[in-house]
Every structure is written in structure tokens, then in C-alpha cells.
Amino acid sequence: MRRFGRTLVTAALAVAVVGGSAGWASGDSQAAVTGPPPGTAAWRADIAAGRSLPDPATATPHEVAAFFAGLNDTARRELVRSHPLVVGNLEGAPLPLRYEANRIAVTGTGEARYASLAAPDRQILAFDPRGRGQVAEVFGDLEHARHVSVIVPGSDNDAATHDARRKPATGPAGMARALREATGGSTAVVAWIGYTTPVGVGLDAADGRLARAGAARLARFTAGLDAVGAPDPVLFCHSYGSVVCGLAARHTDAGDIVALGSPGMRADTAAALHTGARVWAARGPSDWIADVPNVEFAGIGHGADPTSAAFGARRVPAADVQGHTGYFTPGTQSLAAFAAIAKGEAR
């Protein structure tokens, strides 16, 4: 009974502490955005070259890729003009078409908070304005890259804030730019905010509801990369994003999964993730995530510490990392190790 009481106290503490990059703030419950994007009904009612269009809810990314391969350039561009939100979020569609479609979709919202995403030099691979907004942005040449990395961030990130002004090399876009620069520009990096993240610290950050929804979307996203011929990605999963990656691990073709500043991955061991990917973990000495109890009780908390010896992940050196968001800071041991992993050079 005494042990049960301690577990309850620890679980309650997890609710109070677990969170993301925003720090010690109370959180608001978020409704997970799931399913195909707005405009899907009109898309399904349309045809191209006398053929029905693939259902965004049921067609696999490889089926989508095969469909577009059978269209001429005129038919493809007509679909972009008529259905930008669908094409821009359709895993398996050609990358240049998705960039073009999302530029149209962003502009079409008329919302100032998204305006910068429509700039000609931005490569927006996904954009969904529902809720707080979701986005995936590519840094580098994803079509021809020999190596691809995906940044999966944690709490307090959305389409409007993923590239907000912050400390350098923090935030999803900042992390992506820092990683690409550290690899000498040889790796394409995607900042993926393709799920509804928790806001602040609260029950959303302490349970797995949003992570489960995000995991399904991450698995489909990586299948989309495979469908267009991209190499198996490396997933860099920060904070609550590591919970998403843990739940998605068995459903992706990632070559490496890196958990950094992680509250847990909803697994007791790396082997329990049931993935063929190599699993890595990093935690800096001043990262407050170390204060989060590594428990899972009645759905609250995210389980074992990925940096513990018992978990069995490969350790990433992080002795010079400052705080919870400093893992991609230029000059750190962690960023150098991340670059080696991203280029396939780490052993």
C-alpha cells in the first residue's frame, strides 16, 4: 500500500512537471487535428485524365505516387490550382508540386501569421491551417539528398511559431538549419510540426493522447518520403516529440531515432520500441527534463528514461548542452554527434 501511494504521488508530480520547450507554464487541453485536410470532399468528387483521384484518407503514399506518375504536367498543375490544400498535404505527391500547392494554400488563408511561409525561397512540404496550424518545412534539396533528417519537436510548436524569433538553433526551424549547417549542407532536413503539440505544462504533456495522434501522422509522413524515393530518414525527437517517435517507431523505416531532452518514449527499453532503427539518447546536465519522474501510471507519464543504462539506447555526448533546448547549439558535442548520425558516419 505504501508503494502504491508513492506511485500515485510520482504520477501526480509527472502531471505537474512534464512539458516542452516553453518551460513551467500551465497548459490548455488541445484537440488533436487528424484526418485528411480541408477540401478533401471536393477532391474526391473531381477527376483527372478521366480517372478518379486517390482518396487522401485511404490511398497509400505509394498509390498516390503511382497516380501522379500517370498524369502529364498539365493535369498535375490543374490539380494544384484546384485543390492546393489536398495536394500540399498528400503524402506521395511529387515534392515540387507540394511546394507550389502549399504556397497557394498559405496565401489563400489570408492570415498574416502564416504570410512568411509563402515566400519564394520557402519549401513548405505540408501545411494545414486547422487548429493552431501544422507545417513541415524542408531545408536543402530533398529530391536529391543522400541523407534526410526529420526534426520532431515537442510542446508549444505550430505553423505560426515553428520559425519564430528565439535563441539561435532552438525551435524546429532553428534546429533544422543548425543540423544542416553542421553536416556541411550534405543533408536535407525537415522541420516537421505535423501534429497537434501540447501547450505548456498540463495533462496534454503528461499523457499520450496527442502523441498517439502524432505518431500515426509521422508514420504516414515517413511512408510518403519513401514513396518519392527519399532515403530512410533519421528522426531527431525533442522533448514530447520523443514520445511521438517512440509510439511511431515500429511503423517507420527510420534508420536512426534520436531522443533528446526526453521525458520517456512509452517503452521500457529500446528493444521494446520494436524498430530496426538504431536508438540514441541525449540529455544535458542542466536540462530540467531530468526532474520529470520516469513513470507511467494510468496513462500518465511516459515511462523509462531513454538515457538510462537499462533502457539500452546509444548515448550521445551532451555534457556541454545548456538547458532544455540547447542540443543543436553550434560547437556542442551533441550537435557534432547529431551531424555524424545524420550523415551515416556514427558507429
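**View 1. Arg113, partly exposed at 40% relative accessibility, and its partner Glu111.** What you're looking at is a predicted model. Glu111 comes out as partly exposed too, and its relative accessible area is 32%. Both values count as partly exposed because that class runs between the 20% limit for buried and the 50% limit for exposed. The side chains of Glu111 and Arg113 form a salt bridge, with 2.6 Å from N to O. As a bit of background, side chains of opposite charge can pair when their charged atoms come close. The structure holds 16 salt bridges, and a few others get their own views below.

**View 2. A salt bridge joins Asp256 to Arg278.** Here the N to O distance is 2.8 Å. Which strands hold the two partners? Asp256 sits in strand 8 (residues 256–260), while Arg278 belongs to strand 9 (residues 278–282). They're 22 residues apart, so this pair links distant parts of the chain. Is Asp256 buried or exposed? Asp256 is buried, with just 7% as its relative accessible area.

**View 3. Arg266 reaches Glu296 from one loop to another.** Their side chains meet in a salt bridge at 3.1 Å, again from N to O. Arg266 is in the loop between strand 8 and strand 9, and Glu296 is in the loop between strand 9 and strand 10 (314–315). With 30 residues separating them, this is another link between distant parts of the chain. The two ends fall into separate classes of accessibility: Arg266 counts as buried at 17%, whereas Glu296, at 44%, is partly exposed.

**View 4. Four charged residues share a salt-bridge network.** Which residues take part in the network? They are Arg122, Glu137, Asp163 and Arg177, linked together by salt bridges.

**View 5. The largest pocket holds about 450 Å³ of space.** Its lining is made up of 22 residues. Look to the centre of the pocket and you'll find that Gly35, Asn89, Glu91, Arg217 and Arg220 are the lining residues nearest to that point. Three elements each bring at least two residues to the lining: strand 3 (124–128), strand 4 (134–139) and helix 9 (209–227). Which element gives the most? That's helix 9, with five residues. Sorted by class, the lining has twelve nonpolar residues, along with five polar and five charged ones.

**View 6. The second largest cavity has a volume of about 40 Å³.** How many cavities of 30 Å³ or more are there? The count comes to two. Around the second largest cavity you'll see Glu91, Leu95, Arg98, Leu125, Phe221, Gly224, Leu225 and Val228. Helix 6 (95–109) and helix 9 are the elements that give two or more residues to this lining. The largest share, three residues, comes from helix 9. By class, the lining has five nonpolar residues, two charged and one polar. If Glu91 rings a bell, that's fair: Glu91 is also among the residues nearest the centre of the largest pocket.

**View 7. Phe236 and Phe328 make an edge-to-face pair.** Seven aromatic pairs turn up in a search of the whole structure. In general, a pair of aromatic rings is described by the distance of the centres and the angle of the planes. For Phe236 and Phe328, the ring centres are 6.2 Å apart and the planes are at 70°, so the pair counts as edge-to-face. Phe236 is in strand 7 (residues 234–238), and Phe328 is in the loop between strand 10 and helix 11 (333–342). That makes them 92 residues apart, so once more distant parts of the chain are linked. Both Phe236 and Phe328 are buried.

**View 8. Trp192, Tyr195 and Phe221 form an aromatic cluster.** The three are linked through ring pairs. Phe221 has appeared before, as part of the lining of the second largest cavity.

**View 9. Arg314 places its charged end over the ring of Trp280.** How far is the charged end of Arg314 from the ring centre? The distance is 5.5 Å.

**View 10. Leu53 is tucked into a loop as a buried residue.** The loop in question runs between strand 2 (51–52) and helix 3 (61–69). Leu53 has a relative accessible area of 9%, which means that it falls under the 20% cut-off for buried. Leu53 is eleven residues away from Val64 in sequence, and the two are 8.8 Å apart in space, C-alpha to C-alpha.

Definitions and conventions
Residues are numbered from 1 along each chain as its sequence is written. This is a predicted model: local features need pLDDT of at least 70, side-chain atom pairs count only at pLDDT 80 or more; totals for chains, interfaces and linings use all residues. Side-chain values use heavy atoms; hydrogens and water are left out. On a 1 Å grid over the protein atoms alone, a cavity is a set of points where a 1.4 Å probe fits but cannot get out, and a pocket is an open set with protein on both sides within 12 Å along at least five of seven lines; lining residues have an atom within 4 Å of a point. Grid points are joined across faces, edges and corners, and a volume is the space filled by probe spheres set on the points. Helices (H or I, at least four residues) and strands (E, at least two) are DSSP runs, numbered from the N terminus. Ala, Val, Leu, Ile, Met, Phe, Trp, Tyr, Cys and Pro count as nonpolar, Asp, Glu, Lys and Arg as charged, and the others, Gly among them, as polar. Buried means under 20% relative accessible area, exposed over 50%, partly exposed in between (1.4 Å probe, protein chains only). Rings of Phe, Tyr and Trp (its six-membered ring) pair if their centres lie within 6.5 Å; planes under 30 degrees apart count as stacked, over 60 as edge-to-face and the rest as tilted. A charge sits over a ring if NZ of Lys or CZ of Arg is within 6 Å of the ring centre and within 35 degrees of the ring normal.
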